[in-house]
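Me: I'm just starting out with protein structures, and I'd like a close look at a single part of this one. Could you take me through one strand and then show me how the rest is arranged around it?

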Amino acid sequence: MAQAQTSTAPPPASAAGRENAAETLVQAFVDHGFTHFTGVPCSLLKGVFRVLESGAGPAEGVTYLPAPREDSALGVAAGLSAAGARPAVLMQNSGLGYSLNVLTSLNLIYDLHVPLIVSWRGHDGNDAVEHDIIGRELLNLLDVFGLRHTVFDPNEPRASVERCLAAAEDGRATPVLIVKEGI
């Protein structure tokens with residue numbers, strides 16, 4: 001099983017910095033050839049969704065496909081990947097839980113390794129109660145499934161994406177970019 005990669009992030013950036021961080025995050029994925037994004041909105045990722053929905057700036061020429069559930073987004077991304085596209089999936093960590101079957105029975109066994117951008121709800125114990133357990137155990141869960149992870153640094157968004165994607169450069173692992181604070 002692949003060794004997981006973890007890094008930590010400093011305190012969140014200002015509101016303007018978060019919006020710039022979202023644009024830079026999308027641009028960094030586009031610069032690496034990513035053509036499609038799919039996923040389920042989350043308040044911690046609202047800046048990224050705003051950029052993708054605008055179709056402008058870094059999202060110009062990128063296809064954004066909203067999904068009703070995170071496991072559906074993974075299925076769509078798997079199909080896109082098999083067809084030669086370069087998709088990334090956005091999801092809340094709670095959605096990762098019920099997406100594990102799709103990851104293990106489709107994406108991982110057929111080497112359809114698409115990057116996941118996962119919000120880390122409940123990481124500090126100050127979220128809605130339903131996020132407490134997954135928030136506390138997220139990194140352990142990712143390690144169990146061999147999902148290489150990097151914690152997003154809003155002050156260094158491009159470097160965060162670079163570290164995340166480099167962790168899976170061999171094409172044999174699913175990289176996960178974990179977003180702790182809203183961007």
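Reply: Let's begin with β1 and its pairing with β2: the two strands run parallel and are joined by 4 bridges. One place to find this pairing is glycine 39, which stands opposite proline 66 in β2. Keep in mind as you look that this is a predicted model.

β1 covers residues 36–39, and 4 bridges also join this strand to β3, residues 87–92, again in parallel. Here you can pick out phenylalanine 37, whose bridge partner in β3 is alanine 88.

Now look at where the side chains of β1 go. In a regular strand the side chains alternate between the two faces of the sheet. In β1, His36 and Thr38 point one way, while Phe37 and Gly39 point the other way. Which of these four are buried or exposed? All of them are buried.

Step back a little and you can see the sheet that β1 belongs to. It is an open sheet of 6 strands, in the order β2-β1-β3-β4-β6-β5, and the pairing is parallel. The edges are taken by β2 (63–66) and β5 (148–151); each has a single partner strand, so one side of each is left without a neighbour in the sheet. From one strand to the next, the twist averages 20 degrees.

Two helices can be found packing on this sheet. Helix α5 touches β5 and β6 (175–179), and its direction makes about 175 degrees with that of β6. Helix α6, residues 157–166, also packs on the sheet and touches β5 and β6, with its direction at about 150 degrees to that of β6.

While you are at α6, find proline 157, which lies in this helix. Proline 157 has a relative accessible area of 11%, and because buried means under 20%, this residue counts as buried. Leaving aside residues up to four places away in sequence, proline 157 touches Ala21, Thr24, Leu25 and Phe152. Alanine 21 is a nice one to trace: this residue and proline 157 are 136 residues apart in sequence, yet their C-alpha atoms are 5.6 Å apart in space.

Let's go back to β2, the partner of β1 with which we began. In the loop between β2 and α3 (70–82) you will find alanine 67. Alanine 67 is buried too, with a relative accessible area of 13%. What does alanine 67 touch, not counting residues up to four places away in sequence? The answer is Thr38, Gly39, Val40 and Ala73. Thr38 and Gly39 are residues you have already met in β1. For a sense of distance, the C-alpha atoms of alanine 67 and leucine 90 are separated by 9.6 Å, with their positions 23 residues apart along the chain.

Next, follow the helices as they pack against one another. α3 and α4 have axes 8 Å apart and pack at an angle of about 30 degrees. That makes α3 roughly parallel to α4. Their crossing is right-handed. On the α3 side, the contact is made by Glu70, Asp71, Leu74, Gly75 and Ala78, and on the α4 side by Gly95, Tyr98, Ser99, Val102, Leu103, Leu106 and Asn107. Sorted by class, these are 6 nonpolar, 4 polar and 2 charged residues.

α4 (residues 93–107) also packs with α5 (residues 132–144), at an angle of about 50 degrees and with the axes 10 Å apart. The two helices are therefore oblique to each other. This time α4 passes α5 in a left-handed crossing. Asn93, Ser94, Leu96 and Leu100 of α4 meet Ile134, Gly135, Leu138, Leu141 and Leu142 of α5. This contact has 6 nonpolar residues, 3 polar and no charged.

One more helix is worth a visit. In α2, residues 46–54, the buried residues include Gly47, Val48, Phe49, Val51 and Leu52. Just after α2 comes glycine 55, with a positive phi near 70 degrees.

Finally, zoom out to the whole protein. It has 6 helices and 6 strands, and along the sequence they follow the pattern α-β-α-β-α-β-α-β-α-β-α-β. Of its 183 residues, 50% count as buried. Among contacts with a separation of 6 or more, 78% are between residues 24 or more positions apart.

Definitions and conventions. Residues are numbered from 1 along each chain as its sequence is written. This is a predicted model: local features need pLDDT of at least 70, side-chain atom pairs count only at pLDDT 80 or more; totals for chains, interfaces and linings use all residues. Side-chain values use heavy atoms; hydrogens and water are left out. Axes are lines fitted to C-alpha atoms, for helices over the stretch in contact, and angles run from 0 to 180 degrees between N-to-C directions. Angles under 35 degrees count as roughly parallel, over 145 as roughly antiparallel, 65 to 115 as roughly perpendicular and the rest as oblique. A crossing is left-handed if the near helix is turned anticlockwise from the far one by less than a right angle, and right-handed if clockwise. Contact means heavy atoms within 4.5 Å. Ala, Val, Leu, Ile, Met, Phe, Trp, Tyr, Cys and Pro count as nonpolar, Asp, Glu, Lys and Arg as charged, and the others, Gly among them, as polar. Two strands pair if DSSP finds at least two bridges between them. Buried means under 20% relative accessible area, exposed over 50%, partly exposed in between (1.4 Å probe, protein chains only).
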